[in-house]
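Reader: I would like to learn how to read a model of two protein chains. Could you take me through it step by step?

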Amino acid sequence: MKTKLCSHEEAVTAAARSGNWSPELKAHRDGCLTCAELTLVVAALAADAEDLAAIDTPLPDPVPIWLRAKLASRERQYRRATRAIVWVQRAALAVAVAIGIAFAPGLWELVSGAFSGLDLSISAPNLPRSVGSPLLVMVVSLVVLGLLAVFELTAAREN
Amino acid sequence: MIPMALTLPRTQGLALPGRAVTMDEEAFRHLYDRTARPLRAYLMRSCGDLALADDLLQEAYLRMLRSGFEGEDDDHRKNYLYRIATNLLRDHFRRKRPESDEVPERDESPGHDQAIHMRSDVGGAMAELAPRDRQMLWLAYVEGASHHEIAKALGLRTASIRSMLFRARQRLAKQLQARGLRPELEVS
């Protein structure tokens, strides 16, 4: 008996799986510890595989797997479709920040002056003219856009 | 049971996030019906836990669908699934024991299916081996994978597989013999 790699391993494996042993191969197996061990292992694993495949416990339902995959796929498609919007929002945020930085020194006086002169008792149709400064409208709009962009970006990250 | 050769998938990456599901539901069901039981057997014998095997099984199919992998036929997809499952097992054992690849401790929690370990002498013997040995032996002698395919699935060098498989086989034979099975006896 020998315990080392044997050149008959492939033939012995095939025979152990199928159960078709030629007399020569059987004789070899009986005299070769490697092939005897191989036969034992292959036959044992084949029997074990059959046992496990026949286990009574039902398999997990494939429907939820399919639905989860489809859902994930749709989420990716949605993200791809809204990518341009997110970029516009980022650009708006960048513009708002840039304007804020560029005009910060003089802007505060302008904003505080505009708000101090604001008459809150006036009717709504007159409001844009009362607010007065187009620059202020632009700044407020950009700030709102910027805040929206921040909100969207945060929500996108959470998802 | 006639083992099937594990032809390697032709795509390089296993996980390809961001791809759309390309398989239709009927094709998926067909693949699932055909492959889920043997794949669960592989996972179960590799990790020794039915609940975990079922989790990994679902994750393997989910990853395959999400990868957008189409494959040439069911065999091709099946092989891809085994590679994903092997990677999932490897991740599982890494998380469990970051510094070693030793035999995982048996889970005594209520959800653990003790019957899996004790089901047969073979199950008990396999449970004494290292996860990699179990995977290697299963892929080689149940799934009929070539050395090259085993090496790909386990992330090893092809040249090492023959000797590693030989040693793993010796260890399993020793465990089987310790349980009363001898090389001279064929398990029916």
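Reader: What does the accessible surface of chain A come to?

Author: Happily, that has a clear answer: about 9,900 Å², with 63% belonging to carbon and sulfur atoms. Accessible areas come from the Shrake-Rupley method with a 1.4 Å probe, and for residues only the protein chains shown count as cover. Before we go on, this is a predicted model, where local features need pLDDT of at least 70, side-chain atom pairs count only at pLDDT 80 or more, and totals for chains, interfaces and linings use all residues. Residues are numbered from 1 along each chain as its sequence is written, chains are lettered from A and ligands numbered from 1 in the order in which they are written, and side-chain values use heavy atoms, leaving out hydrogens and water.

Reader: How much area is buried between chain A and chain B?

Author: The size of an interface is often given as the accessible area lost when the parts come together. Buried area is what two parts lose in this way (1.4 Å probe), summed over both. Here that is about 4,600 Å², and carbon and sulfur atoms give 67% of it. On the side of chain A, the residues that lose the most are A:L40, A:L45 and A:W66, together 16% of what that side buries.

Reader: How many salt bridges are there between chain A and chain B?

Author: A salt bridge is a side-chain nitrogen of Lys or Arg within 4 Å of a carboxyl oxygen of Asp or Glu. The count between these two chains is 2. One of them joins the side chains of A:E9 and B:R169, at 3.4 Å from N to O.
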